[in-house]
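This report is meant for someone meeting the structure for the first time. Please keep the sequence and the model at hand while reading.

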Amino acid sequence: MNDLSDIRKRNLARLVAPKSIAVIGASDDPMRIGGRPIDYSVRYGYKGAIYPVNPKRDTVQGLKAYPTIGDVPEAVDTAIVALPAPMVAETIEACAAKGVGACIVFSSGFSELGAEGEAMQARLTEISQRTGIRVLGPNCLGAFNASSGWMGTFSSSPQVDPPEPGPIAIASQSGAYGGHIYNLARKRGLKVGRWITTGNESDIELSECISYLLDDPEVKVVMSYAEGIRNGEGLRAAFKKARDLRKPIVMVKVGRSDIGAAAAASHTAALAGTDAVIDGMFKQYGVYRADDANEMLEVAYGCQQGHFPDGNKIGFITISGGLGVQMADSASALGLDVSEFSEAGQKKMLELLPFAAPRNPVDVTGQVFNQRDAIAACLKIMMEEGDYDVVISFFTAVAARPEIAQDIIETLKPLRESRPDKHLFFSILANEENTRFYENNGYPMFDDPVPAITAANGLMYFGRAFAAKDSALPELPAGSETVPDQPTAEHEAKRVLASAGIPVVREVLVTSADAAVMEAATFGGKVVLKIASPDIAHKTEIGGVLVGLEGADAVRVGFDTLMARAAEKRPDAAIDGVIVCEMVSGGVETVVGVQLDPVLGPAVMFGLGGILVEVLKDVSFRLAPFSVEEAYRMIREIKGYKVLEGVRGAPPADIAALAEALSRLSVFAAANADKLDSIDINPFIVLPEGQGAVAVDALIVPSASGKD
């Protein structure tokens, strides 16, 4: 099995960088599906052998043709299959027998068309798994490698914009969207060196492509488009690899809405997954989720230099005060820090330009153009004296003049060499020649400042993600229980969670009114009584919770009341008794839980209690397991975080205890992933700083498989 796994890995490399190729269903017409890969590869300098396979022709596009793949004189690295769907499986079998490393299947008519197509596609999967031959597709537009001139695609995109080796790679499930992204990237000036589309993913799927591209030393940034996620574990591993290698992944993942998710599943026959969980995974591993292609392109464009500041401070220098305000507004809306320019910097700026407004944004007005070297000089002051991670400058078309551009580059050269982590973006209307001059000297160029802010935000997002530290995961305590096979009552759920190191409220299960009175007295003060039953998940719906009971008489009456209500409203339920629970006062109510995502596995949820969860859905997710440091990042992510810091005279909450509990819950969830459906801890009360946190109510739902 390991040998076959190694073969499959090597064969994936043979697909992306083949030394020889065959085109099965080759056409003499360079505009047809079976003709374009040959035409493109010859046109763009592919040096390897090309073997057209067509039993009806002696030559194809001037190359000797062969009747079958078996007649080709060598075991080629990659074969393109451009045949009707019913002929594909036997063709791939023949390729495997010949020793072909991989097949790119252009053919459609598989899982996207229903049960019959699914059966044909399943056969492709079986052949690949049995023989080790790799299959890209079916129903895909293929792949290309600009460094070698290999063009395994019939997309018209390379014809519109010839490929050029460069640091950008594209991995897309959709061929059409992948081609669209490629053309937009080329129009933006990005050099796309690698391009892979996966189609129906009978074998090779998106996460494997991303992982492979990350290992390529020429690749600095990966742009990706996903409709559904087939391999959650593989995608998670690829994301972790990207973070470890400090290589940005910018992804458009469609399916945020219920309608969008349904459309994605229909198009790719893939599970869309829970969008909030996917969002959490992106943040957990530092993947930038773009809303559209333009956002993805601007972020990828801004990340090409490979230096990622780990702050969020942004400075602006502009000739337009009004536009400066717009830039500041846009940056603030993204949560960026638009700090005031330093006093030393303001002083130097006014000495140079007495008419300037030197705060941040720094408005140098159009008068700056009266002195040829003034633009370069004020930029130097801004970069040296401003404690900014990124500076964005707006100088319209004037700064595109070659003499001014040369002044800027020469003036800033020493600073750029000594501080490559300090970024300067330009918003200048320039022709292509002048734009490339700035870019070739390491300065990104934007027509408008707002996309520059988007790119700067992405750059700093990656910087913070790459700099984030994680400690070791907490270990489950000795004697930690596992998720029960059957549904449990609340007190049993809390006992299991307590065994995993998650703090729970003090409580006792009793089966008589006398016992309830006796146990309540040991707590002192007011208590809470709850009906205990594995069959009653939502106790409040039957009036199964009584709060604030004090004194023997109140507790006795309360016990009898709960038992009577259960008998009346849920006569079918098994009743374990009544829980006598200490009453927790003060603190901040939060909701903590776990849900098992069908693709990504157990995910931990956190949010504030009450309306913020129920109406605003102000929650954050992380895939289990994760560290305490990641829990802190998860907590700070919610919009209501300031409530935990203390508002209107309330003391700050014990965020450290909350983070510890979230991390421990994630470890427990990961250890019980095969037995768990969900966990609900509501409320989880976070007491004032230094006093801890406790689970007041809990529900554990085992998985259907765990019950068997």
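## The two sides of helix α16

On the face of α16 that is turned away from its buried side lie the exposed residues Glu-432, Glu-433 and Asn-440. This is a predicted model, and the descriptions that follow should be read with that in mind. The buried residues of the helix, which spans residues 432–440, are Asn-434, Thr-435, Tyr-438 and Glu-439. They sit on the same side of α16, because they cover an arc of only 140° around the axis. A general property of such helices is helpful here: an α-helix has 3.6 residues a turn, so residues three or four places apart point the same way.

What do the buried residues of α16 pack against? Their partners are the helices α11 (293–302) and α15, together with the strands β18 (423–427) and β19 (445–446).

Both ends of this helix have a local feature that can be found in the model. At the N-terminal end, Asn-431 acts as a cap, with a side-chain oxygen placed 3.2 Å from the backbone nitrogen of Glu-433. Beyond the helix comes Gly-442, a residue with a positive phi, near 95°.

## Helix α11, a partner of α16

Helix α11, against which the buried residues of α16 pack, is itself mostly covered, since 9 of its 10 residues count as buried. The buried residues of α11 include charged ones by name, Glu-295 and Glu-298, and also Met-296, Leu-297, Val-299 and Tyr-301. The N-terminal end of α11 is capped by Asp-292, which has a side-chain oxygen 3.3 Å from the backbone nitrogen of Asn-294.

## Cavities

How many cavities of 30 Å³ or more does a search of the whole structure find? The search gives 4, and the largest of them has a volume of about 60 Å³. Its lining consists of Met-383, Leu-412, Leu-415, Arg-416, Arg-419, Lys-422 and Tyr-443. Helix α15 (residues 402–418), already met as a packing partner of α16, gives the most to this lining, with 3 residues. Sorted by class, the lining of the largest cavity holds 4 nonpolar and 3 charged residues, and no polar ones.

The second largest cavity contains about 50 Å³ of space. Among the residues that line this second cavity are Gln-173, Glu-205, Ser-207, Ile-229, Arg-230 and Leu-235. The lining of the second largest cavity divides into 4 nonpolar, 4 polar and 2 charged residues.

## Two buried loop residues

Ser-533 belongs to the loop between β21 (527–532) and β22 (545–549). Is this serine buried or exposed? With a relative accessible area of 4%, Ser-533 is buried, because the cut-off for that class is under 20%. Its side chain reaches two backbone atoms: the nitrogen of Asp-535 at 3.0 Å, and the oxygen of Ala-574 at 2.6 Å. Once neighbours within four places in sequence are left aside, Ser-533 is in contact with Ala-489, Ala-573, Ala-574 and Ile-575.

Ile-502 is found in another loop, the one between α18 (490–499) and β20 (507–510). Ile-502 is buried too, at a relative accessible area of 3%. Apart from neighbours within four places in sequence, the contacts of Ile-502 are Leu-497, Ala-661, Arg-664, Leu-665 and Phe-684. Phe-668 stands 166 residues away from Ile-502 in sequence, while the two C-alpha atoms are 9.5 Å apart in space.

## Backbone features in the loops

As a general background, most residues other than glycine have a negative phi, and most peptide bonds are trans. Against that background, the peptide bond from Asn-360 to Pro-361 is cis, with omega near 5°, and Pro-361 lies in the loop between α13 (343–352) and β16 (362–363). Another cis peptide bond runs from Ala-624 to Pro-625, with omega near -5°, and Pro-625 is placed in the loop between β26 (619–623) and α22 (628–636).

Two threonines have a positive phi although neither is a glycine: Thr-365 at about 60° and Thr-396 at about 50°. Thr-365 is in the loop that joins β16 and α14 (374–385), whereas Thr-396 is in the loop between β17 (390–394) and α15. Thr-396 counts as partly exposed, at 24% relative accessibility.

Note on methods
Residues numbered from 1 in each chain as written. Predicted model: local features only at pLDDT ≥ 70, side-chain atom pairs only at ≥ 80, totals over all residues. Heavy atoms only, no water. 1 Å grid on protein atoms, 1.4 Å probe; cavity = no way out; pocket = protein on both sides within 12 Å on 5 of 7 lines; lining within 4 Å. Points joined across faces, edges and corners; volume = space filled by probe spheres on them. Helix = DSSP H or I, 4+ residues; strand = E, 2+ residues; numbered from the N terminus. Buried < 20%, exposed > 50% of the residue type's maximum accessible area, 1.4 Å probe, protein only. Arc of directions from axis to C-beta. Contact = heavy atoms within 4.5 Å. Polar contact = N/O pair within 3.5 Å; in protein donor to acceptor, adjacent residues only side chain to side chain.
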